[in-house]
Amino acid sequence: MGFKFWEWKAISYESKSNRFLVFLILLMFSTESLLFAVGSSTDVIIPKPQKFLPGKGKFLLTKQTRYFSDTALSKNAITYLQRQLKLNAGFILKGGKLSKDNTISFHYNPKKVKKSEAYRLHIGKKYIIVEAKDKAGFFYAVVSLMQLMDPVIWGQTGSSGNTKSWSIPSCTIEDYPRFKWRGVMLDSSRNFFSTFYVKKFIDRMAQHKLNRFHWHLTDDEGWRIEIKQYPLLAKIGARRGPGTKLPFSMYPAMRGPKNKLQSGYYTQDDIREIVAYAKARSIEILPEIDIPGHAKAAIVAYPKLLQDPKDKSCYRSVQKVSNNTINPGMESSYIFLENVISEVSRLFPFGYIHLGGDEIPKGAWKKSPAVHSLMQKKGLKNTREVQNYFFTRLDKILAKHQRKMIAWQEVTEGKPKLRQNDIFMAWKSTKSGKKLIRKHRNVIMTPVQYLYFDQQYTRSKKEPGHTWSTPVSTQKVYDFKAASSSYIRGVQACLWSETLLNEKIADYLAWPRILALSEVAWTEQKKRKWKDFQKRASEEGLKRLKIQDVHYRSVLPVR
Ligand code: TNX
């Protein structure tokens, strides 16, 4: 197994160095166990790189170290490194000439690094070379570089800011992601999270090479995004509890105080700031406007636009919220939604918008004259066909705004005429995801049994989190095997927030499970081993989180 290293061209970097050659010859005749021993001292990176060749000696990063770059694509990466060094070393990494002495150099090299988001990182004793062909590649090289440094480098407050020299073990890494979509969803509706927390959340995702932040911005319990044309969405729809129009019986939050006002929304300025923050860390934000179900907050803000006044239907969602579904028989619903989509697409540059589509309650629309007349006019036979009509029409609206659709898997039921490039999130099971693949649909795997981080780690009254599905231990996350198919765009964890009463609980449920997710998303299946991950995660992985005051679960629970 060790000899695979010989097929690897990265060796060329220091081929002139005799010492390195001697080292390679030694390696060639060494046993696998020696190879492992050499590897293990530097085996600290999460997610595990695809190819890692340990070197000999160390690079010493000091105040005298300079960086050189021949491409603007490395700017975000350099800024990130500079920021962490300034905070934790107290000096600024300055630019300098291309030199083989005490320099970190960044090179645009699409010939050597062919895949998107890929990078090559060579750490020698005198210099470091980073090669990539895009911003993400450079950024991830720097993330790996920093993971090879003392975990103190990840500090966010500057309180330990005076480590003057940093030794980084020599090695060569050639790395690329397994999946293009490596996501985490945060639900800001059920419980609101400050922009400060959202940024921290995004930052920690980036530190583990995750690249899609799915932001669940609207639901029954709160509309969290300012829409200029509909100010009541924030004024009314973002407040619940005593004295508001959203006084749910089960909520403000499960197991939370029921007499407390819960409010909060993101202004358009907040959103622009967060989008830029994410972009600088190679993360795209997928906004979700959950419709037509899960829309109680919007409905109480604009009942006349979104509900048929003559509708006599009376229904409850699975979460027991009554009459929470936008009416698809009324033109005003489409005008409203198009206006919302138009503002959302101006705020979020990402090419996709998530339109929800999950859990439309049985009985919705049954007694709505507006829906009946739509059915007659369009020849729709049942609720499923009404749902399909609704999403086909919204897909066209998205197209008008140069956006593709992402939605929960329910939207594919029946025969909706949606664009081939749309993507569906399979949350019910891995099996249901595979079924979508057979229907030639693009899929992101988010199965509740493995990737719902709002579920308890283990079944216990002392553990926070939901209990409606199976517990999701860190090992279970790690064991998730996504089928291989070109229709699988990637994997994503979901952090729904009904039980996330505060940031500490959110952190606890997210970490260390996100560490495991990052490796599922990034590292080739055959290169992953639980025992090996467990060691890295419980040592360096948690240290990096601790230094950032993440309230993680300290024991990596196994099954
Ligand atoms: C199901 S999965 C939901 C959410 C809940 C979650 C709780 C999906 C698309 N819908 O509305 O928050 O379960 O685990």
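## Empty space inside

On a 1 Å grid over the protein atoms alone, a cavity is a set of points where a 1.4 Å probe fits but cannot get out, while a pocket is an open set with protein on both sides within 12 Å along at least five of seven lines. A residue lines either one if it has an atom within 4 Å of a point. Grid points are joined across faces, edges and corners, and a volume is the space filled by probe spheres set on the points. What you're looking at is a predicted model, where local features need pLDDT of at least 70, side-chain atom pairs count only at pLDDT 80 or more, and totals for chains, interfaces and linings use all residues. Residues are numbered from 1 along each chain as its sequence is written, and side-chain values use heavy atoms, with hydrogens and water left out.

So how many cavities of 30 Å³ or more turn up? The count is one, and the largest cavity holds about 40 Å³ of space. Its lining is made of V275, K279, I283, E284, I285, F348, P349 and F350. Two or more of these residues come from each of α7 (268-279) and β14 (284-291); helices (H or I, at least four residues) and strands (E, at least two) are DSSP runs, numbered from the N terminus. Sorted by class, the lining has six nonpolar, no polar and two charged residues. Here Ala, Val, Leu, Ile, Met, Phe, Trp, Tyr, Cys and Pro count as nonpolar, Asp, Glu, Lys and Arg as charged, and the others, Gly among them, as polar.

## The second largest pocket

Moving on to open space, the second largest pocket comes in at about 460 Å³. It is lined by 18 residues, and those closest to its centre are E359, I360, P361, K362 and R384. The class split for this lining is five nonpolar, five polar and eight charged.

## Aromatic pairs

Rings of Phe, Tyr and Trp (its six-membered ring) pair if their centres lie within 6.5 Å; planes under 30 degrees apart count as stacked, over 60 as edge-to-face and the rest as tilted. Searching the whole structure gives 28 aromatic pairs. Take Y334 and Y389: their ring centres are 6.3 Å apart and the planes sit at 85°, so this pair is edge-to-face. Y334 belongs to helix α10 (residues 331-347) and Y389 to helix α12 (residues 383-400), so the contact ties together parts 55 residues apart in sequence. Both rings belong to buried residues (under 20% relative accessible area, with exposed over 50% and partly exposed in between, using a 1.4 Å probe and protein chains only): Y334 has a relative accessible area of 3%, and Y389 has 16%.

Next up are W408 and W496, with centres 5.5 Å apart and planes at 40°, so they count as tilted. W408 lies in strand β16 (residues 404-408), whereas W496 is in the loop between β19 (488-495) and α16 (503-510), so this pair ties together parts that are 88 residues apart in sequence. W408 is buried at 1% relative accessibility, and W496 is buried at 8%. There's also a cluster linked by ring pairs: F192, F193, Y197, F201, F213, W215, Y266 and F348. F348 also appears in the lining of the largest cavity.

## Charges over rings

A charge sits over a ring if NZ of Lys or CZ of Arg is within 6 Å of the ring centre and within 35 degrees of the ring normal. K209 does this over the face of W522, at 5.6 Å from the ring centre. R553 lies over the face of Y457, at 5.0 Å.

## Buried elements

Which residues of helix α17 are buried? They are R513, I514, L515, A516, L517, S518, E519, V520, A521 and W522. That makes ten of the ten residues of α17 (residues 513-522), so the helix is largely enclosed by the rest of the structure.

Strand β8 (residues 181-187) tells a similar story: seven of its seven residues are buried, so it is largely enclosed by the rest of the structure. W181, G183, M185 and D187 cover one side and R182, V184 and L186 the other, all of them buried.

## Strand pairing

Two strands pair if DSSP finds at least two bridges between them. β8 runs parallel to β19, joined by six bridges, with G183 opposite Q492 in β19. β8 also pairs with strand β9 (residues 212-216), again parallel, over five bridges; there M185 has H214 as its bridge partner.

Elsewhere, an open sheet of seven strands runs in the order β1-β7-β5-β6-β4-β2-β3, with mixed pairing. Its edge strands, β1 (51-61) and β3 (94-95), each pair on one side only. Within it, strand β5 (residues 119-123) and strand β6 (residues 127-132) are antiparallel and joined by five bridges, and H122 stands opposite I129 in β6.
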